[in-house]
Amino acid sequence: MLNFRLIEKSDINTFQKYYDNPEGISLTTNILSAYLWRNEYNIKFAFYNNCLIKAYFNDDNSVWGYCLPHGEDIKPAVEAIIQDAKERGQEPFIVMLTDAQRVRLETLFPSKFYYEFSPENQEYVYLSEDLINLSGRKFHAKRNHISKFKNSYPNFRFEEITNSNKEDAYKVMLDWCSENGIDLEHYEEKHAIREALDNIDEFKMRGGIIYVDSMPVAMTLGCEISPIAFDICFEKALREYDGIYAVINNEFAKTLSSYKYINREEDMGLEGLKKSKLSYNPIILLARYNATLKNDEN
């Protein structure tokens with residue numbers, strides 16, 4: 001079987017070279033996101049034939065799904081995935097494929113896989129200029145939300161996250177958990193945000209905080225995917241402040257004008273989250289697919 005293990009902090013730079021893509025806009029090329037969520041989704045990596053393979057594991061150490069290997073010659077690595085699954089007594093299941101990855105897999109293994117669209121994992125990608133300017137009728141509601149907030153809280157301020165105010169960002173997360181009845185002890189996103197804030201400079205992350213009456217009421221935090229795209233990894237705001245999500249989104253977008261695209265990740269099949277993400281008018285809905293090996297190959 002393949003030798004999978006959890007990614008460690010010291011692996012980030014080493015693994016990143018397999019994911020570097022100057023035109024990348026998808027989370028498939030964001031190794032830092034995989035690191036921060038490694039425990040929540042039991043994400044492990046293995047090397048094969050100078051290719052890097054990511055996989056999602058279940059609690060019983062079975063594999064929920066393999067990702068398409070990253071590297072130059074990936075065909076032997078895909079064959080190794082198929083063999084690894086067989087040795088585990090499982091069906092080969094390759095997940096989170098972008099359109100380009102699906103085409104690549106089909107080219108290497110013609111008619112060997114079934115492909116199924118995974119709507120809950122499609123990524124919402126926006127033009128940064130749209131989120132900054134909020135121009136036109138399609139953003140009329142967002143402009144109204146922001147105006148209402150600013151009229152209600154004229155003394156609000158926005159600050160980018162630094163080491164001097166990062167605890168304010170963490171406080172927003174704690175207050176949001178309290179507001180939503182979240183069990184902090186078993187809330188993995190808390191640990192991911194804590195680690196991201198503690199290593200904000202080393203990880204080259206950027207974020208922002210909204211203050212009202214000097215109290216932090218919203219936070220956002222993300223990282224670069226490529227020179228043209230930025231990933232919003234975390235966003236929390238207190239719902240008592242009407243319009244706060246539109247404000248933190250807009251204020252932080254203004255700091256990201258050097259990027260063409262802003263990726264706000266998937267909706268995880270949550271209808272409310274889907275509605276919210278669509279309301280910002282994505283320029284791209286980046287499709288994801290899962291692939292299952294056909295029976296005659298099992």
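With 298 residues, the protein would be expected to have a radius of gyration near 19 Å if it were a compact globule, and the value of 20 Å computed for this predicted model agrees with that expectation. The C-alpha trace spans about 65 × 40 × 35 Å along its principal axes, and the chain is organised into 10 helices and 14 strands. Of the 298 residues, 54% count as buried, while the protein exposes about 14,200 Å², of which carbon and sulfur atoms supply 47%. Among contacts between residues at least 6 apart in sequence, 71% join residues at least 24 apart.

**Nonpolar cores**

The largest nonpolar core has 68 residues, and those with the most contacts inside it are Leu36, Phe45, Met205, Ile210, Leu221 and Phe234. Leaving aside residues up to four places away in sequence, Leu221 touches Ile161, Ala196, Leu197, Ile200, Met205, Arg206, Gly207, Ile232, Cys233 and Phe234. Another core, of 26 residues, lies apart from the largest nonpolar core and has Leu2, Val63, Tyr66 and Ala287 among its members.

**Aromatic pairs and charges over rings**

A search of the whole structure finds 19 aromatic pairs. One of them joins Phe4 and Tyr66, whose ring centres are 6.2 Å apart and whose planes meet at 50°, so the pair is tilted. Because Phe4 lies in the segment before strand S1 (5-6) and Tyr66 in strand S4 (residues 63-66), this pair ties together parts that are 62 residues apart in sequence. Phe4 is buried at 11% relative accessibility, and Tyr66 is likewise buried, with a relative accessible area of 1%.

A further tilted pair is formed by Phe15 and Phe45, with 5.2 Å from centre to centre and 45° between the planes. This pair also links distant parts of the chain, since Phe15 belongs to helix H1 (residues 12-19) and Phe45 to strand S2 (residues 43-48), 30 residues apart. Phe15 counts as buried at 2% relative accessibility, and Phe45 is buried with a relative accessible area of 3%. Phe45 thus appears both among the residues with the most contacts inside the largest nonpolar core and in a cluster in which ring pairs link Phe15, Tyr18, Phe45 and Phe47.

Two lysines are placed over the faces of aromatic rings, as the table sets out.

| Lysine | Ring beneath the charge | Distance from the ring centre |
|---|---|---|
| Lys75 | Phe109 | 5.5 Å |
| Lys294 | Tyr114 | 5.2 Å |

**Covered helices**

Helix H9 (residues 244-253) has nine of its 10 residues buried, so it is largely enclosed by the rest of the structure. The buried residues of H9 are Ile244, Ala246, Val247, Ile248, Asn249, Asn250, Glu251, Phe252 and Ala253.

Helix H8 (residues 188-198) is mostly covered as well, with nine of its 11 residues buried. These are Glu188, Glu189, Lys190, Ala192, Ile193, Arg194, Glu195, Ala196 and Leu197. The elements covering the buried residues of H8 include helix H2 (31-36), helix H7 (166-179), strand S10 (215-226) and strand S11 (229-237). Two of the buried residues of H8, Ala196 and Leu197, are also among the residues that Leu221 touches.

**Positive phi values**

Most residues other than glycine have a negative phi, and most peptide bonds are trans. Against that background, Asn49 has a phi near 55°, a positive value in a residue other than glycine. Asn49 is found in the loop between S2 and strand S3 (51-57), and its relative accessibility of 46% makes it partly exposed, because that class lies between the limits of 20% and 50%. Met96 also has a positive phi, near 60°, and is not a glycine either. Met96, however, lies in strand S5 (residues 93-97), and at 13% relative accessibility it counts as buried.

Definitions and conventions: Residues are numbered from 1 along each chain as its sequence is written. This is a predicted model: local features need pLDDT of at least 70, side-chain atom pairs count only at pLDDT 80 or more; totals for chains, interfaces and linings use all residues. Side-chain values use heavy atoms; hydrogens and water are left out. Rings of Phe, Tyr and Trp (its six-membered ring) pair if their centres lie within 6.5 Å; planes under 30 degrees apart count as stacked, over 60 as edge-to-face and the rest as tilted. Helices (H or I, at least four residues) and strands (E, at least two) are DSSP runs, numbered from the N terminus. Buried means under 20% relative accessible area, exposed over 50%, partly exposed in between (1.4 Å probe, protein chains only). A charge sits over a ring if NZ of Lys or CZ of Arg is within 6 Å of the ring centre and within 35 degrees of the ring normal. The radius of gyration is taken over C-alpha atoms; the globule rule is 2.2 Å times the number of residues to the power 0.38. Contact means heavy atoms within 4.5 Å. Accessible areas come from the Shrake-Rupley method with a 1.4 Å probe; for residues, only the protein chains shown count as cover. A nonpolar core is a set of buried Ala, Val, Leu, Ile, Met, Phe, Trp, Tyr and Cys residues joined through side-chain atoms within 4.5 Å.
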